[in-house]
Amino acid sequence: MLFTADAVPGLADGSITLTFRTWTRPQARVGGRYRTGGLLLEVHAVSRVDPRSITDADARRAGSP
């Protein structure tokens, strides 16, 4: 999975625990492990969400201010 370089510190310290993607079909699988920015990330869940249901708390967990 690709993340921008500015996301790597948040992924490393655990402050980013969620990500949203605009894929037409899932590109990651539950239990999959992906290397990015020198880190090894494991996917715990993949689900479709309505963008209108994303809360401010969700956005913060995904690294947005």
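A salt bridge is taken here as a side-chain nitrogen of Lys or Arg within 4 Å of a carboxyl oxygen of Asp or Glu. The legends below describe close-up views of a predicted model.

**View A. The salt bridges of the predicted model.** The structure holds 2 salt bridges, and each is described by its partners and by the distance between nitrogen and oxygen. In one of them, R33 is paired with E42, and the closest N and O atoms are 3.7 Å apart, a separation that counts because the cut-off is 4 Å. R33 is exposed, with a relative accessible area of 58%, whereas E42 is partly exposed at 39% relative accessibility. In the other, the side chains of D50 and R52 meet with an N to O distance of 2.7 Å. R52 is exposed at 74% relative accessibility, while its partner D50 is partly exposed at 33%.

**View B. The largest nonpolar core.** This core is made up of 6 residues in all, namely A7, V8, L11, I16, L39 and L41. Two or more of its residues come from each of the elements α1 and β2, the latter spanning residues 39-42.

**View C. A nonpolar patch on the surface.** The residues F20, V49 and I54 form this patch, and together they have about 210 Å² of accessible area. F20 lies in the loop that runs between α1 (8-13) and β1 (33-36). With a relative accessible area of 31%, F20 is partly exposed, and F20 therefore passes the requirement of over 30% relative accessible area that is set for patch residues.

**View D. An arginine over an aromatic ring.** The charged end of R21 sits over the ring of F3, at 4.6 Å from the centre of that ring. As for contacts between one aromatic ring and another, the count comes to 0 aromatic pairs, a pair being defined by ring centres that lie within 6.5 Å.

**View E. Helix α2 and a contact distant in sequence.** R60 is located in helix α2, which comprises residues 56-61. With a relative accessible area of 47%, R60 counts as partly exposed, because this value falls between the limits of 20% for buried and 50% for exposed residues. R60 and L18 are 42 residues apart in sequence, and in space their C-alpha atoms are 8.8 Å apart.

Methods
Residues numbered from 1 in each chain as written. Predicted model: local features only at pLDDT ≥ 70, side-chain atom pairs only at ≥ 80, totals over all residues. Heavy atoms only, no water. Phe/Tyr/Trp six-rings, centres within 6.5 Å; stacked < 30°, edge-to-face > 60°. Lys NZ or Arg CZ within 6 Å of the ring centre and 35° of its normal. Patch = residues over 30% accessible without salt bridge, like charges linked within 9 Å, V, L, I, M, F, W, Y side chains within 5 Å. Areas by Shrake-Rupley, 256 points an atom, 1.4 Å probe, with all protein chains shown as cover. Helix = DSSP H or I, 4+ residues; strand = E, 2+ residues; numbered from the N terminus. Buried < 20%, exposed > 50% of the residue type's maximum accessible area, 1.4 Å probe, protein only. Core = buried A, V, L, I, M, F, W, Y, C linked by side-chain atoms within 4.5 Å.
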